[in-house]
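Trainee: I would like to learn how to read a structure of this kind slowly, one feature at a time. Could we begin once it is in front of us?

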4 protein chains.
Amino acid sequence: MTTTAADTTAPTDGDERGQTSGHTSAQESVPHGGHGYAKQKDQHLKRLRRIEGQIRGLQRMVEEDVYCIDILTQVSAGTKALQSFALQLLEEHLRHCVASAAVESAAQGETEGTSEVDAKVAEATAAIARLLRT
Amino acid sequence: MTTTAADTTAPTDGDERGQTSGHTSAQESVPHGGHGYAKQKDQHLKRLRRIEGQIRGLQRMVEEDVYCIDILTQVSAGTKALQSFALQLLEEHLRHCVASAAVESAAQGETEGTSEVDAKVAEATAAIARLLRT
Amino acid sequence: MTTTAADTTAPTDGDERGQTSGHTSAQESVPHGGHGYAKQKDQHLKRLRRIEGQIRGLQRMVEEDVYCIDILTQVSAGTKALQSFALQLLEEHLRHCVASAAVESAAQGETEGTSEVDAKVAEATAAIARLLRT
Amino acid sequence: MTTTAADTTAPTDGDERGQTSGHTSAQESVPHGGHGYAKQKDQHLKRLRRIEGQIRGLQRMVEEDVYCIDILTQVSAGTKALQSFALQLLEEHLRHCVASAAVESAAQGETEGTSEVDAKVAEATAAIARLLRT
């Protein structure tokens, strides 16, 4: 179950990774993304449209006075789907954005743990904390 | 133990739903059913439409290549909104359905903790477990 | 809103506790209170001692510089064990305390949803919200 | 609150980072950790001893028949403390282990997204999924 989180993300390579990984590093690191990224983007949109459908399904359930417990089960499914989406985004972000920040700082002859890498890691950790606290 | 019970939520259909959906208690206690319930229903639908809007907002963010971390923040907001909706549903369910099952069993001269009440409580706990495990 | 209610849990002491802690229902329904409760108490203490052992295991892992990911896996196991303990407590609370409040108010000729039952349900929902928000 | 997750981790530098980041990379990347790491280790052990105290407090509460809701509040505090510990570990892991894997692969003239970096990121994401699913 946890492994699926790792499995869901296709490795990417190509030309436009900068778009995934925040406009800051878009210029700095060209060699990524491209069609791989476009494919991920389609997957993300498919997932989100499916989740949107789940939410509309919840509205129908409420309108039809479906039993509370059955509605709660559908809410759990929607929450789980949102978290899986978040985990896939997070994995791509760690691979492209955090890792490339480390590569760039090293390329500039800096040791690991520069303020750039630290800032990216702190930012990602804060995002994970927000996911955990909800 | 609670997780196994997670599978026990039977799908409901129009005929049987009324029997399980706490509407039985609506007749018994007019102040809680009827218009009170209709008002809650509107609130639930408003909440769900707002959440649907958040999911569509996520689709726009992905299409516009918004920075991953900002998308993750929006995902956390959507998850939190779904959980708040679930908590409100759960509170109403405990008040109307579980409490009224206890009242009914008592009205039939049964002691607290009848199989009816136990079943309702186990069902609610399994639903809470599903919310926690997502 | 539920989180604000988080502060409402009044501290309990020996004299008043019995009134709130489901011991009242122990008298009303002997099969659920008394020895049944004592047996649950032993189970709870066994669970908690096992969790205490997991936390000490985490300390050893940190002292022995075990790989972070393996420590995180053990943290997840500890969190899951705490949540299972919470769900068991919650189920007993709903069965004994909330249900018996409904029975008592009915015995006093009140309709379902008295302020007593509502207060118990709001209190339980706030506790569930605290479990979800962590 | 989410920012605290980021704030709790002191940046480290020194000589023995390998110890934090798994024995695999201990040899590969000497320049990290040292006293910084030893200080973190003490902080981790202090946190865990505090959590162990919370679990023993829960045992006392059960023995003294404290009101269920008050025990549940203490369970939530323990779960929150375990999650904060996990977030601190995770941040250190991302900074030292994932980032250094990227630096090492780059040092070997490889492009970002090598199997080494991908494996580290997938491993970290699976650990985050385990934390989310509990």
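Trainee: By what turn and what shift along the axis can chain B be laid on chain A, and with what RMSD?

Mentor: Keep in mind throughout that this is a predicted model. As a general idea, two copies of a chain are related by a rotation about an axis and a shift along it. Here a turn of 180° with a shift of 0.0 Å along the axis lays chain B on chain A, and the RMSD is 0.1 Å. That is the relation of a two-fold axis, and the same surface serves both copies, since 92% of the contact residues of chain B recur in chain A.

Trainee: How many residues of chain B and of chain A are in contact, and what area do the two chains bury between them?

Mentor: On the side of chain B there are 48 residues in contact with 49 residues of chain A. Between them the two chains bury about 4,600 Å², and 69% of that area is on carbon and sulfur atoms. The rule also finds 14 residue pairs in polar contact across this interface, both residues being at pLDDT 80 or more.

Trainee: Which helices of chain B each supply at least two residues of the side that touches chain A?

Mentor: They are helix H2 (14-20), helix H4 (35-63), helix H5 (68-107) and helix H6 (115-132) of chain B. The largest share of that side, 18 residues, comes from H5(B). Sorted by class, the side of chain B that touches chain A has 23 nonpolar, 14 polar and eleven charged residues.

Trainee: How should I read the salt bridges, and how many does the rule find across the interface of chain B and chain A?

Mentor: In general, side chains of opposite charge can pair when their charged atoms come close. Across the interface of chain B and chain A the rule finds four salt bridges, whereas the structure holds 20 over all chains. One example is B:Glu52 with A:Arg56, whose closest N and O atoms are 3.0 Å apart.

Trainee: Which two chains does the salt bridge between C:Arg56 and D:Glu52 join?

Mentor: The side chains of C:Arg56 and D:Glu52 meet at 3.0 Å, N to O. C:Arg56 lies in helix H4 of chain C and D:Glu52 in helix H2 of chain D, so the pair joins these two chains. With a relative accessibility of 35%, C:Arg56 counts as partly exposed, while D:Glu52 is buried, with a relative accessible area of 7%. Elsewhere, salt bridges that share partners join A:Glu52, A:Arg56, B:Glu52 and B:Arg56 into one network.

Trainee: Where do D:Asp65 and C:Lys41 lie?

Mentor: These two residues form a salt bridge, with closest N and O atoms 2.9 Å apart. The pair crosses between chains, from D:Asp65 in the loop between helix H2 (35-63) and helix H3 (68-107) of chain D to C:Lys41 in helix H4 (residues 35-63) of chain C. D:Asp65 counts as buried because its relative accessible area is 16%, under the 20% cut-off, and C:Lys41 is also buried, at 18% relative accessibility.

Trainee: What does chain A look like when it is read along its sequence?

Mentor: Its pattern is α-α-α-α-α, with five helices and zero strands. Of the 134 residues of chain A, 64% count as buried. Among contacts in chain A between residues at least 6 apart in sequence, 53% join residues at least 24 apart.

Trainee: How far apart in sequence are A:Arg95 and A:Glu91 in helix H4 of chain A?

Mentor: Being four residues apart in that helix, A:Arg95 and A:Glu91 are separated by about one helical turn. They form a salt bridge with closest N and O atoms 3.5 Å apart, and both residues are buried. Helix H4 (residues 68-107) of chain A also holds A:Ser100, which is buried at 3% relative accessibility and whose side chain reaches the backbone oxygen of A:His96 at 2.4 Å.

Trainee: Is A:Ile128 buried or exposed, and which residues is it in contact with, leaving aside its neighbours within four places in sequence?

Mentor: A:Ile128, in helix H5 (residues 115-132) of chain A, is buried, with a relative accessible area of 1%. Leaving those neighbours aside, A:Ile128 is in contact with A:Leu90, D:Leu87, D:Leu90 and D:Ile128.

How values were computed
Residues numbered from 1 in each chain as written. Chains lettered and ligands numbered in written order. Predicted model: local features only at pLDDT ≥ 70, side-chain atom pairs only at ≥ 80, totals over all residues. Heavy atoms only, no water. Buried < 20%, exposed > 50% of the residue type's maximum accessible area, 1.4 Å probe, protein only. Contact = heavy atoms within 4.5 Å. Least-squares fit on C-alpha atoms with pLDDT ≥ 70 in both. Buried area = accessible area lost by both parts, 1.4 Å probe. Polar contact = N/O pair within 3.5 Å; in protein donor to acceptor, adjacent residues only side chain to side chain. Nonpolar A, V, L, I, M, F, W, Y, C, P; charged D, E, K, R; others polar.
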